[in-house]
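User: I would like to go through this model and ask, point by point, what each description rests on.

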Number of protein chains: 2
Amino acid sequence: MTTAKWDIFEQVFSGPREGNPFAEVPFGATFRCGMRQVPVEGFYDGEGRYVVRFMPDWEGRWSFVTRSSCPDLDGKTGEFECVAPRAGVHGPVRVTGADTGKMHTHVPATRLKYADGKNYMCVGTTCYCWTHQPEALQQATLDTLKKGYFNKIRMCVFPKHYEFNHNDPECYPFEGGASGEGYAFDFTRFNPESWRRLEKRIGQLADMGIEADLILFHPYDRWGFSQMSHETDLYYLRYAVARLAAFRNVWWSFANEYDLMPAKSTQDWDDCFRLVQTLDPAGHLRSIHNCRGFYDHTKPWVTHCSVQHSDMERVPEWIATYQKPVVIDECCYEGNIPNYWGSISAEEMVNRMWESLCWGGYAGHGETYLDPEDVLWWAKGGTLHGKSPERILFLRKIMESLPADPVFAFERTRVMGLNFGDEEFLYYYGLRQSGYKQFDLPEGKTYRAEVIDAWNMTVTPVEGTFSGKGARVPMPSRSYCGLRLIAL
Amino acid sequence: MTTAKWDIFEQVFSGPREGNPFAEVPFGATFRCGMRQVPVEGFYDGEGRYVVRFMPDWEGRWSFVTRSSCPDLDGKTGEFECVAPRAGVHGPVRVTGADTGKMHTHVPATRLKYADGKNYMCVGTTCYCWTHQPEALQQATLDTLKKGYFNKIRMCVFPKHYEFNHNDPECYPFEGGASGEGYAFDFTRFNPESWRRLEKRIGQLADMGIEADLILFHPYDRWGFSQMSHETDLYYLRYAVARLAAFRNVWWSFANEYDLMPAKSTQDWDDCFRLVQTLDPAGHLRSIHNCRGFYDHTKPWVTHCSVQHSDMERVPEWIATYQKPVVIDECCYEGNIPNYWGSISAEEMVNRMWESLCWGGYAGHGETYLDPEDVLWWAKGGTLHGKSPERILFLRKIMESLPADPVFAFERTRVMGLNFGDEEFLYYYGLRQSGYKQFDLPEGKTYRAEVIDAWNMTVTPVEGTFSGKGARVPMPSRSYCGLRLIAL
C-alpha cells in the first residue's frame, strides 16, 4: 500500500454503534516513521465506521497502531509506504522568513511558502457558504474556481444567517435541523454526511491548488452554532481536526469577526487555538479575523494575521508589530450592494489587491453584485460578474514570476513595493499617475525596466537601460501602474 | 470721508527718513467708535511715509488719534464714517458653531462663516509662490482665479526654494538680494515695494472673494528667511500685521510644514501666534500646517486645524479632538510629477475634496502637472491643466446651495455626509458604487431625492418620494456619486 507525500492515508475500522460513539469511544492511532511518532485522533463516521486519517509528510515506510477504550478498535496495526508527491502537490503552506543570504540578520518569519519550499503568493477570495448551497450552484462555483484566479478561499463550516444569506443548507455539522418554528440540534452528535460533503469540496479545492481557509466560528447565526457552550466548541473542534487535518490545504480560521461574538471570551478563543495547536498533527496555519479591533496576533498559537481593514498602507506597521505574515482577508468587496464594505469598484478592488501584496502582505478578493436570484459570490459562490478577477489573475502571474524572497525594510515609507536585494525591484503606484520616476540605483548595476499596467493588464518594456544616481524612468501618467526594474 | 464696512481706511503721514525708521520710530493709532477703542500698529512705508490702516467692522462714525515717539507723528487725529458694506463684501471669515436651534446643547465651533453670517464653504487651492513670478504669469494666475473655482488660496510671503521652484523673485520682503555667489539681506529693514506688490494681489483676491491664506514661514529656503533669529521673526510678524491686517481676506498661516523647521521650537511658534493674536485688530484666522505630526491645535491661539493628510476619513476624529474647524489644506495634488504627493488623478483629487467636505471639514486643491517651462500651478500659478477644477466648481455650487448649519454626529461612522436636522441630508459615497441605498427616514416626513454624480457633474432627480423605515433609493452603481434627500 502506498500513499504519496501530503496525500491522505485513511484506514476504516468497524466498531460499536450503540450509545453515542461520537462522545463515548475514544479512538486514535500513532503513526511511526523511523524514530518519529505522530499521535493522531480518529473519528466516528456513523454506522459503526471508525476512521483514522493521516497526511504523511516524509517519504519512507510508515506504520501505525490504534488505541481505543473499545477492545475491537485498540491495537490494530498497519503500514504503508509514503512515496514522492504527485505532480503539482507542494504540501501545506507554512510560515517562513525571507532568506537574506546574510548571517546574523534577524529575519522575522513573515512570508508564506509551501512545505516543499515553493513560494506561495496568497491571493484569496471569499465564498462564505458555497458548500451550503444546492449542488448545481456548488458545481458552478467549482467551475469558476477552476479559472485559477485565486489560490485560497475563505469558507464557513457552519451556515450563515445574514443579508443575502438566508437559505438553509440540506444538512448541518451537528445532527438536527428544522423543528417546528425553529431548529433543534443534538450538540453531542455530529452529522457525518455534512462533514463528508465538506471534505469532498476541500479535496476538490486541493486538486485545484486552492487553500481552504476554514472559518470555524462566526456570529451570523440563527441555529445556535455561535452560542454553543465552551465544552461543545472544543468538542466540535476536536472532531473537525480529526476529520480535516489530513487535508494538506486546510487552514484553521478560528473566526470571521471574532469581536462580534460577545459570548466568547479571549480565554475561550485562546483555548480553542491551543486545543487545535495540540491536536493537529499537520500544524496547519491558524488565524482569527476581526471586525473592528484585532485579536492579539503576537500570541504564539497565531501563525499569521488575518486582517479586515481598508488601509493597505498599514500592512508594514502590522508586519513590524506582529512579526508574522499579514493576510488582508477582507479589504471590502467589488460590488454594488448598499453596504459600504460591499460596493467598491473593480478598479479599487484590483488596486487594494496590488497594494496588499506590494506593501508586503497578502491579498483577498470578494464580490457582492446585486443579483435577481440573490446569489452573490461572497455568500454563495456561483459565477463572477466583476471586472477584477481577470486582473487578479494577471497580478498573480506577475507575483509568481518574482523571486521568492523579498527583502523588506520594516518601516513605513511612501514607496509601495517589493525588493529582491539589488537584483530586482517591483514598485506599485496605485492611484498615482507620475510622468516619470527617479531612482538612485545600486552602484555597479544596470537595469532594464518594465511598466506594468495593473488595470489594462499590460507589461511594457521601457526603452533603454538604467543605472546610477537619479536615473529617470519614463512612466505613462496613468493610475494603477507599477514598475519592475531587473538587473541585467 | 467714508469707508465701507470691511474695506480699508488708510491714512498716510510724513515723518523722519534718517536712521532706520522701520526699527526706530514707534508709530500707531487708536481708532474709536462710540465707547469702543481699537489700538492699531502703523508701519513705515519708505521715503518718509508712515501709514496706519484699519478695517472698520461697525457702521458709524470712527475717529482716530496717532501715537509715536516722533512728535511729528504723534497726536494726529482724524475721522471717517463707516458706511454699509459694498455689494458682495461679507467681512472676514470667522469660526462659529453650528446652530442647532436647541438650548443647552454643546455645539463646538467647528464651522466657518463670514462676519455677516453668510456661510463660507472653504474650497481652497495652493499656489505657493505666484506673487514671486514675472508680471505676465501673475496676470495669468489672476485670470485663472477669476473662473471662481476656489474661495481661498495658500500663498507664501517669502519665495520658495524647492523642486520646480528655483527662480528668484524681483524683490524680497527684506531689503537686499543677490550678492556675489549668494544673497545678502538687512533683516532690520523691509523692502516696501515687495510688500506693496503683495498687498496689490491680496486686494485683487479680496475683489474676487478669495481668502488669502498667507504662509508666514516655510522651510524651503536658500535666502535665510527660514533661519532668522526669533527676534527677527517677531519683528517681521509685527510689520506684516501692521501692513496686512486691514485686508478682510487675510488668514495667518504660521507655517507650511512647521515640523520641517527644526530651528524653531514649539515655544517659538507659540510666541509667534501670540504676538499676532495680540496685535491683529481684526482677529484674522490663525493656523499652522504640518508635514508629519500635528502642532497642538487645542492651543487657544489656533483658530482652526490646517491639515496635511491623505485620509479624509479621519476628519471627524480631528474635529472631535480639537473642537475646531478642520481645513484639509493638503491632501495631495492632481498631477503627474514623480512625488507621491503630486501625482494623484483628477478623480482622486475631486474625490478627496468631496470627502473633506462631507466628513465635516473643508477642502484644498493643488495641481502639479509636469510642464516644459516648469510652471506648475501649485508652485507658480498660471493656467490649470487638470480635470478637477470644473468639478470642484460643481462641488462648490452644491455645497453653497445647502443650508448653512450642518448637524454633526461627532463619532466616526461609515456614512460620509452632512445632515441638516430632519430637513435635508447629503451623503457622498466616494469609490462606492451601490445599486441602491436604504434609509430609516424620520417619522412623519417625506423626502425627494437627487443623485449627484461628482465626476460627471450631474444632479438627477430620483422618481418618486421616500419616507419611513427601510426606504430604498435607487442609485446608479457608479463611483463618485452622492445622494441628497430634501424634505418636502
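User: How many residues does each chain bring to the contact, and what makes a residue count?

Analyst: In this predicted model, the contact takes 26 residues from chain A and 26 residues from chain B, where contact means heavy atoms within 4.5 Å. On being put together, chain A and chain B bury about 2100 Å² between them, with 49% of it on carbon and sulfur atoms. Of the area that chain A buries against chain B, 29% is supplied by Y340(A), R432(A) and Q433(A), more than any other three residues.

User: What links chain A and chain B, salt bridges or polar contacts?

Analyst: A salt bridge needs a side-chain nitrogen of Lys or Arg within 4 Å of a carboxyl oxygen of Asp or Glu, and that rule finds 0 across the interface of chain A and chain B. Between the two chains there are, however, 22 residue pairs in polar contact, both residues at pLDDT 80 or more.

User: Which elements of chain A give two or more residues to the side that touches chain B?

Analyst: They are β19 (334–335), α7 (346–358) and β24 (436–439) of chain A, and α7(A) gives the most, with 3 residues. By class, that side of chain A has 11 nonpolar, 9 polar and 6 charged residues.

User: Why does the span of helix α9 of chain A agree with what is expected?

Analyst: Helix α9 (residues 388–400) of chain A has 13 residues, so at 1.5 Å a residue it should span 18 Å, and its end C-alpha atoms are indeed 18 Å apart.

User: What makes F394(A) of that helix a buried residue?

Analyst: Buried means under 20% relative accessible area, and F394(A) is among the buried residues of α9(A), which also include I392(A), L395(A) and R396(A).

Technical notes: Residues are numbered from 1 along each chain as its sequence is written. Chains are lettered from A and ligands numbered from 1 in the order in which they are written. This is a predicted model: local features need pLDDT of at least 70, side-chain atom pairs count only at pLDDT 80 or more; totals for chains, interfaces and linings use all residues. Side-chain values use heavy atoms; hydrogens and water are left out. Helices (H or I, at least four residues) and strands (E, at least two) are DSSP runs, numbered from the N terminus. The expected span of a helix is 1.5 Å times one less than its number of residues. Buried means under 20% relative accessible area, exposed over 50%, partly exposed in between (1.4 Å probe, protein chains only). Buried area is the accessible area (1.4 Å probe) that two parts lose on being put together, summed over both. A polar contact is a pair of N or O atoms within 3.5 Å; within protein, one must be able to donate a hydrogen and the other to accept it, and residues adjacent in sequence count only if both atoms are side-chain atoms. Ala, Val, Leu, Ile, Met, Phe, Trp, Tyr, Cys and Pro count as nonpolar, Asp, Glu, Lys and Arg as charged, and the others, Gly among them, as polar.
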